[in-house]
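Reader: I am in my first year and still learning to read protein models. Could you take me slowly through one part of this one, and then show me how to look at the rest in the same way?

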Amino acid sequence: MAFSGWHRLVAMLAISTLGVGLLVAPASAEPTSTTYGPDNPVRLESFYEPTPDGRAAADLSAPTSRAPLASSSVRRPPASPDADGRASECMDQPGVGSVEGRTHNRFLWCQSIFVGSRVYSIDRKVYVGQAVFAMNAVAYGRDDGNRTVEVFFRSVPGSLRYLEGDRGELANAIMMVFADCKQWLTGCSAGGPSAAKRFADWNVDGSWHSWTIASSEFQGVGPDKVSRHDWALTIDAYAPGTPDAGGEALPSHRIRCDTAQVGFSTRPKACIMDDVIPHLQYSLQSANYAQVSAHVHCAMTPGCQTWPGPRSDRVIPGRYTGSRDDPGLHRITEDFPVDASDNRTFYSKNSSAKNTACATLPAYILDRTTQQCDEFPFASTIEGAGKGDGNFSVLGVTSRHNSCAGNALARYYRQDRILVWQPGLPNEALDTYYVEITDVPTSSTDECLPPQDDPAEPNSPPTANAGPDTTGDEGFTIVLGGSVSDPDGGPPTAQWTYALGPDADPGMSCTFHDSRSANTTMRCNDDGAVTVTLTAFDGVNAAVSDSALVTVRNVDPRLRRLGELAPPRVAAAEDVEYGITSPQPWQVFRVGDAVPFKARFLDPGDNDTHSCAIEWDDGQTSTFDSYADRCEATHTFTHPGMYTIKPTITDDDGGASPAASVMVIVYDPNAGFVTQGGWLNSPAGALVNEPAVQGRLMVEFNPKYLPREPGPAPGGGKVAAALRGTGFDLASTSLEWLVVTPDQKAAVKGTGTIGGAAGYGFVAYGVDTPDAVRLVVWPLSAGHYPQQTLVYDNRPGKSYDLDLSDPQPLGGGSVQVHD
């Protein structure tokens, strides 16, 4: 069967705004890929928007396929809404584009709105942009012996729009969708895998995803075990390895499930949409029962003449106004229930009271030769004439109109699953309905046919699907695409178990977020192959199982960089520093003093073991096992110098941390001194604010430690430099330390003035043979050692480590390093 209503949704590509006041960018090629994770933390917030006019996001001008099931047929969800005319009919109606959707009748709900996510950069703490696409959803009730509702969801291909921001970040964000119960303690449960895809993949998906909302009869109330539950679709946008802002639940919907004891002999279990107020519609224009419609309309209208006899105080219930607070009607049957006071059925008492009233009617009200006596409220309600309060009406109508109206009422009881009233029934189990009189013409002879029951069906075993094989990272959430179902009720009991593969290390374990939910996630503390098994049991047939392979990948340990945010898994109140915490960059030590090294590292694989290797930059390396995510050691340097210390953390699976380092200064006040005087050709780019300037830089420095000075600040000497033709003229005001190495290299750090203005730091490097000098100057407002913001550097881009600083040969003069 062609599903034209849904296919037209795909054609809706000309949406210019989505109610958020932003222009929609064109959706063209796949955006540039952006990788999310600890190195690119973002926060995503889900949202949903109605369509501008509350209708489906589609061209609704063409006729749709309408094929509603006959009221006597069993109502059950289709395999796909694409093959069901009821869904397309619902999608054509007003309200489908609202955030609540449209409750079409007691067995069908549908919706077509927009869902999306706003993206915020945690690093920059700024709004990045948002992505949004059109979605369709349908929910089916059923009366085929199952207490379940089936919920379907899909995206509209080609509807994705990027609103502002980096389309790469937006397209690669993940949107997860699932249907779930709002209250789990009421006997409600949900089954079916979450649908998680990148926004770019939702734009081309178009397939239906489904979930089963099930009701346990063990927590139902009354003889019919009536339960009412709220369920909702939830959208949750996130990026792997980054904080999850939490999902956004769409407005919830109420369902009512029952295990009927009376009135539904072959369909004892069902679930219906309880958001709609049940009401029977009778038409004044019906060719088959217009006389009954007119009678009911008059009976429910204040001031209209009703019989028997005029009564000004008569208030007849059942009029539909759109409010559940109005007095309504409650169904009974010919055989049930029985009034315990006289052992008569309430139905027979209604008939007896009606016959007594009809016997008094004059001939112009009831022609006994051609008419039958019709009553309202109906004989099949507890509010009928037998109630004894006088609030009823009788009138003569033709036998055909009386018969056709009676059959329409019987079909309505079946079609809307109106439960039978019983004495002492709790309010939660009451099923109140109303009558609405319309002017809609009807002339079908089908409306005169009585409903028919279908034969009962045998109980079938449940099904279990563990989902496809998947991969994930140790220590991170892995989504399992499992589902269980039962054609005779459900969902069945679900249970996840796992088995480790032969490559698993001792101590490896995994946990499920909810091992009793088919829609769940898992997390493992190490890498390896894991077989997950989902078992379903319906309490009748033998349990069934299905398995999938989860390949858990190793994640390399790493040190957190300076200034990087703490990982999401660390509580905000926990004062934990990661990365190299000791020594600090450019920290100064004296030769022979112990240099403590301390670092904390991250590894989501809690079961991993680690080793540390620290290269001290003096030809020595310390290697040892690490415990409690720490790498700690001490080292003594025997010669002065500038040393770049490099740690590497390696886990037992061979994963190694990315490069990290810290540089320290080691001085010796007895190592000697340096004298320098001369000039060099300052290259273009050396003077940062005037990069085109080239010329002769005059440099002079002669720092030295005075006798018995402990350091690190040398007491003698100065540093001066001037670039001809510019205002750059550095003059030292203090010296912080002096390093003189055994291989005739020297470096001195201090502070000074430029043009008489204070607030500048400098490092001057010198090499004796061949004579070479490097000068680095920066504003102290940018830090106490050179980083990104500089004033002058004649070897830009080179390391600040003395051994790698690459000083520039002098054009004249010399550098003398004295032992």
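Over the ring of which residue does the charged end of Arg 417 sit?

Author: The charged end of Arg 417 sits over the ring of Phe 264, at 4.1 Å from the centre of that ring. Please keep in mind from the start that this is a predicted model.

Let us go on to the aromatic pairs, of which the structure holds 22. In one of them, Phe 346 and Trp 421 meet edge-to-face, with 5.6 Å from centre to centre and 90° between the planes. Phe 346 belongs to helix 6 (residues 346-358), while Trp 421 is in the loop between helix 7 (399-415) and strand 20 (434-438), so this pair ties together parts that are 75 residues apart in sequence. Both Phe 346 and Trp 421 are buried. Another pair is made by Tyr 412 and Tyr 433, and it is tilted, with 5.7 Å between the centres and 50° between the planes. Here Tyr 412 lies in helix 7 and Tyr 433 in the loop between helix 7 and strand 20, so the parts that the pair ties together are 21 residues apart in sequence. Because buried means under 20% relative accessible area, Tyr 412 counts as buried at 6%, and Tyr 433 counts as buried at 0%.

Helix 7 and strand 20 also bring us to helix 5 (residues 290-300), which is mostly covered, as eight of its 11 residues are buried. The buried residues are Ala 290, Val 292, Ser 293, His 295, Val 296, Cys 298, Ala 299 and Met 300. When you read such a list, it helps to recall that an α-helix has 3.6 residues a turn, so residues three or four places apart point the same way. What covers the buried residues of helix 5 includes helix 7 and strand 20, together with strand 15 (279-283), strand 18 (371-376) and strand 19 (393-398).

A second place where a charge and a ring come together is at Arg 118, which lies over the face of Phe 47, at 4.0 Å from the ring centre. In strand 4, Arg 118 has Gln 130 as its bridge partner, and the two strands concerned, strand 3 (108-121) and strand 4 (126-140), pair in the antiparallel sense over 14 bridges. Strand 3 is mostly covered, with 12 of its 14 residues buried. Strand 3 also runs antiparallel to strand 2 (residues 102-105), to which three bridges join it, and a hairpin of two residues leads from strand 2 to strand 3. Within this pairing, Arg 102 stands opposite Cys 110 in strand 3. Elsewhere, Phe 133, Phe 153, Phe 199 and Trp 202 form one aromatic cluster.

From single rings we can turn to the nonpolar cores. The largest has 47 residues, and those with the most contacts inside it are Trp 586, Phe 728 and Tyr 792. Strand 42 (residues 729-740) gives the most to this core, with six residues. If we leave aside neighbours within four places in sequence, the residues in contact with Trp 586 include Met 642, Met 663, Ile 665, Trp 737, Lys 749 and Tyr 800. Apart from this core lies another, of 45 residues, with Leu 44, Val 119, Trp 211 and Tyr 238 among them.

Finally, look at the backbone, where most residues other than glycine have a negative phi, and most peptide bonds are trans. The peptide bond from Gly 711 to Pro 712 is cis, with omega near 5°, and Pro 712 is found in the loop between strand 40 (695-701) and strand 41 (719-723). A cis peptide bond also joins Thr 769 and Pro 770, with omega about -10°, and Pro 770 lies in the loop between strand 44 (757-767) and strand 45 (772-779). Asn 343 is not a glycine, although its phi is positive, at about 60°; this residue is found in the loop between strand 16 (338-339) and strand 17 (344-345) and is exposed, with a relative accessible area of 65%. Gln 744 likewise has a positive phi, near 60°, and lies in the loop between strand 42 and strand 43 (745-754), where Gln 744 is partly exposed, with a relative accessible area of 32%.

How values were computed
Residues numbered from 1 in each chain as written. Predicted model: local features only at pLDDT ≥ 70, side-chain atom pairs only at ≥ 80, totals over all residues. Heavy atoms only, no water. Phe/Tyr/Trp six-rings, centres within 6.5 Å; stacked < 30°, edge-to-face > 60°. Helix = DSSP H or I, 4+ residues; strand = E, 2+ residues; numbered from the N terminus. Buried < 20%, exposed > 50% of the residue type's maximum accessible area, 1.4 Å probe, protein only. Lys NZ or Arg CZ within 6 Å of the ring centre and 35° of its normal. Pairing = 2+ DSSP bridges. Contact = heavy atoms within 4.5 Å. Core = buried A, V, L, I, M, F, W, Y, C linked by side-chain atoms within 4.5 Å.
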